[in-house]
Amino acid sequence: MFNFCTDPSTLSDAAWLGCYLTTGKHMALYWSFGTVLLLLAITAPTALAFGFGGAAAARSRFLPLRWFGQAYIALVRGVPDIAFFLFFVIALDQAFEYLRHKIKCPDWDQPIRQGNDFVVCQAAKLPLGNAAQWVHETYGFFLAVLTFSIVFGAFAANVLYGAMRAVPHTQLETAEAYGMTPRQTFRRILVPQMWVYALPGLSNLWMVLIKATPLLFLLGVEDIVYWARELGGSKTPRFTDYPHGDWRMWYFFALLVFYLCFTRVSEIVLERLMIRLTHGQATMGGEAQRKANA
């Protein structure tokens, strides 16, 4: 089958642009949008799970667990995101390799820390040196998801902890008066009602998470920022069949449009979810609905 893109110099401007936008690297750029969406789809519920666990621990009656929850919230929130991302991915990777090294190479007699180098046996490497490329990419993506989840889980924990404290205490006392155990009160009264108080803070956190996805390239993941910078830079005929000047402004403008549209859709969905949650609730939103329907 003849490919009319084989000689770009003979193409019209529109055909040249069409061929340019369908090169292999541009396909990688389009796939990277899916990478960002997949990251959000996995990280959001995972971070929420971390946050719920952190908030529950922070209000636990068991003192060591309460200290752990409060320390998790305070420490992670107190470290700049970029510094945490740059440090924690390396720390996680080395922690996983250290555990594998202890299991797979128990007879190793050399120090693991050799100056600035971290040296483990070949069997403990993650991923293995002979692993396929997709394994390396999946492992890097896994580390990115885990790092994002731990960071934003701490912020979610702070939001949920405040939401739990915002539920009227009289309702908890009423549940106890009806004979509910503390666990039943937590599960049946506190958790269902806290979401209406938590949603505004979680909505802001979702927006921050969306804006933080360009940090993926710091974690070694080839995301949309990486490809926009790679494709938008000046290209000469020596290195490509489609030479052009510095087009980074146009690529980053496309990213700007993408993020603005995505956040706008998120705002609409979150607003409708807030209306649904506040319906019939003794909150400002619920009271406004009651008056509007009166």
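Which residues does A47 touch, not counting residues up to four places away in sequence? The points below take up that question and others about this predicted model.

1. A47 and its contacts. Leaving out residues up to four places away in sequence, A47 touches S149, F152, G153 and A156. A47 itself is placed in helix α2, which covers residues 24-58. Its relative accessible area is 6%, so A47 counts as buried, the cut-off being under 20%.

2. A47 and A156. In sequence, A47 and A156 are 109 residues apart. In space, their C-alpha atoms are 7.1 Å apart. A156 is also one of the residues that A47 touches.

3. S149. This residue belongs to helix α5, residues 133-166. S149 counts as buried because its relative accessibility is 0%. The side chain of S149 reaches the backbone oxygen of V145 at 2.7 Å. With residues up to four places away in sequence set aside, S149 touches T43, T46, A47, F50 and Y72. The contact between S149 and A47 thus appears in the lists of both residues.

4. The largest nonpolar core. This core has 66 residues, and those touching the most other members are Y72, F85, F148, F152, M194, L216 and I224. Helix α5 supplies the largest share of this core, with 16 residues. Two of the residues named here were met above: Y72 is in contact with S149, and F152 is in contact with A47. As general background, nonpolar side chains in soluble globular proteins tend to be buried together.

5. L216. Neighbours within four places in sequence aside, L216 is in contact with V36, L39, A144, F148, V221 and D223. Of these, F148 is, like L216, listed among the core residues that touch the most other members.

6. A separate core. Apart from the largest core lies another, of six residues, including I112, F118, V120 and C121.

7. The disulfide. The structure holds one disulfide. It is formed by C105 and C121, with their sulfur atoms 1.8 Å apart. The link is right-handed, with 85 degrees about the S-S bond. C105 lies in the loop between α4 (81-104) and β1 (113-114), and C121 in the loop between β2 (117-118) and α5, so the pair ties together parts that are 16 residues apart in sequence. Both C105 and C121 are buried.

8. C261. Is this cysteine buried or partly exposed? C261 counts as partly exposed because its relative accessibility is 45%.

Methods
Residues are numbered from 1 along each chain as its sequence is written. This is a predicted model: local features need pLDDT of at least 70, side-chain atom pairs count only at pLDDT 80 or more; totals for chains, interfaces and linings use all residues. Side-chain values use heavy atoms; hydrogens and water are left out. Helices (H or I, at least four residues) and strands (E, at least two) are DSSP runs, numbered from the N terminus. Buried means under 20% relative accessible area, exposed over 50%, partly exposed in between (1.4 Å probe, protein chains only). A polar contact is a pair of N or O atoms within 3.5 Å; within protein, one must be able to donate a hydrogen and the other to accept it, and residues adjacent in sequence count only if both atoms are side-chain atoms. Contact means heavy atoms within 4.5 Å. A disulfide is a pair of cysteine sulfur atoms within 2.5 Å. A nonpolar core is a set of buried Ala, Val, Leu, Ile, Met, Phe, Trp, Tyr and Cys residues joined through side-chain atoms within 4.5 Å.
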